[in-house]
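Trainee: Could you take me through the pockets of this model, and then the parts around them? I'd like one long look rather than a list.

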Amino acid sequence: MATMVIGAALASAGPVFAAQDNPFGLVYANAIRENLPGKVQVHPVNYDLHGIKIAANVYTPAGYMEDGKYPAIVVQHPNGGVKEQVAGEYAQRLAEEGYIAIAADAAFQGESGGEPRHTDKPYYRTEDNHGMVDFISKFPGVDPNRIGALGICGGGGYTLNAAKSDKRLKAVATLSMFNSGKVRRDGFMESQLSTIQERLKQASDAREKRIKGGEIALSGNVDFDSLTNEKIAQISTDLYREGMIYYGRTHRHPNSTFAYTTESLMDLMPWDATDQIELINVPLLMMAGDRADTLYMTEEAIGKAHGAKEKELFLIPGATHIQTYYVPEYVDKAMGKLKEFYGKNL
């Protein structure tokens, strides 16, 4: 029965995309395979952020001219994700609507530099957003007065944090926002409230071990090669069950991993994306599937965003969290709303 259930889920997820099948390593439907004149193009770039080399893709609209005045969007990827997955899909779709869009790998992750690998701390993930704004504001043809942001999943929480202080962002949107601090602290759907102090001790011990020259401890690591249909079927939450299929099967990328340094919890667990969220004073759009088991995080955040110039919670009917990443019907609904939102505010 488990095999049948997961088989149906895989079938509904559509074809499997492989990084090696695309010259740019992109693993989403209708991804650019070559830069053709007069079409949307993708440009791999690198830049320095506090001494760390950041790898990013910049998507330019059809007919792009370096002396133009284009609005731009910075797109931040989910926890465990990389620029070639859902962040790239939305960046490409935004370029199709006339925006210059950038999707970068977080520092310490993907093709970007930084040691220890898999570090996932709010400070750095927030700086990733600031760094994308730094870079794209100087990109030929970008109007620096018309820059917006789109944060997806964990990248949504970090985008909210960046927007509290980065007034270069004139319009802020999130998709399936995941409040990493809240979940690392309390557990998903508050399932680990009784072990907070124990997990903080584990994080502190991991740091102590590292500074004494020991191995760097990792949490959240998944061996996708040994992930059977039966194991996936046993996962009780849509987020993690469908996430295993998306990241481990249909949209797998060699740079994408759920692993993060256990020591990162020392910074993650005291942090919360909604702290001081009232500092966001520009238009705010938060989108989520109405069937998403992560919806409570979006609802909490937008409820606290009292300083936003205007704010809207946009629900995508029938969609779960992961389905907003790739299911054409739901991506189209999200893109339609983003087109309206950025068109009005940038």
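Mentor: Here is a walk through the pockets first, then a helix, a loop residue and some salt bridges. Keep in mind that this is a predicted model.

Let's start with the largest pocket, at about 470 Å³. It has 30 lining residues, and those closest to its centre are Asn79, Gly80, Arg184, Thr257 and Phe258. Helix α8, residues 238-250, supplies the largest share of that lining, with five residues. By character, the lining splits into 15 nonpolar, 11 polar and four charged residues.

Next comes the second largest pocket, with a volume of about 210 Å³. Its lining includes Val183, Arg184, Gly187, Phe188, Arg199, Tyr240 and Leu265. Two elements, α5 (180-186) and α6 (196-211), each give two or more residues to it. Here the split is five nonpolar, five polar and two charged. Notice that Arg184 turns up again: it is among the residues closest to the centre of the largest pocket, and it lines the second largest one too.

Back to helix α8 for a moment. Within it, arginine 241 makes a salt bridge with aspartate 238, with 2.3 Å between the closest N and O atoms. The two sit three residues apart in the helix, so about one helical turn separates them. Arginine 241 counts as buried because its relative accessibility is 19%, and the cut-off for buried is under 20%.

Now for helix α4 (residues 154-165). It is largely enclosed by the rest of the structure, because 11 of its 12 residues are buried. Among them are Gly154, Tyr158, Asn161 and even Lys164.

Just past α4, in the loop leading to β6 (169-175), you'll find arginine 168; its partner aspartate 134 is in helix α3, so the pair ties together parts 34 residues apart in sequence. Their side chains meet in a salt bridge at 2.7 Å, N to O. Arginine 168 is partly exposed at 31% relative accessible area, and aspartate 134 is partly exposed at 32%.

The loop between β4 (100-104) and α3 (122-137) holds glutamine 109. That residue counts as buried, at 11% relative accessibility. Beyond its neighbours within four places in sequence, glutamine 109 is in contact with His77, Arg117, Thr119, Asp120 and Arg125.

One more salt bridge to look at: glutamate 310 and lysine 344, with the closest N and O atoms 3.2 Å apart. Glutamate 310 is partly exposed, at 31%, whereas lysine 344 counts as exposed, at 61%. Finally, salt bridges with shared partners join Lys121, Arg207, Arg210, Glu263 and Asp267 into one network.

Notes: Residues are numbered from 1 along each chain as its sequence is written. This is a predicted model: local features need pLDDT of at least 70, side-chain atom pairs count only at pLDDT 80 or more; totals for chains, interfaces and linings use all residues. Side-chain values use heavy atoms; hydrogens and water are left out. On a 1 Å grid over the protein atoms alone, a cavity is a set of points where a 1.4 Å probe fits but cannot get out, and a pocket is an open set with protein on both sides within 12 Å along at least five of seven lines; lining residues have an atom within 4 Å of a point. Grid points are joined across faces, edges and corners, and a volume is the space filled by probe spheres set on the points. Helices (H or I, at least four residues) and strands (E, at least two) are DSSP runs, numbered from the N terminus. Ala, Val, Leu, Ile, Met, Phe, Trp, Tyr, Cys and Pro count as nonpolar, Asp, Glu, Lys and Arg as charged, and the others, Gly among them, as polar. Buried means under 20% relative accessible area, exposed over 50%, partly exposed in between (1.4 Å probe, protein chains only). Contact means heavy atoms within 4.5 Å. A salt bridge is a side-chain nitrogen of Lys or Arg within 4 Å of a carboxyl oxygen of Asp or Glu.
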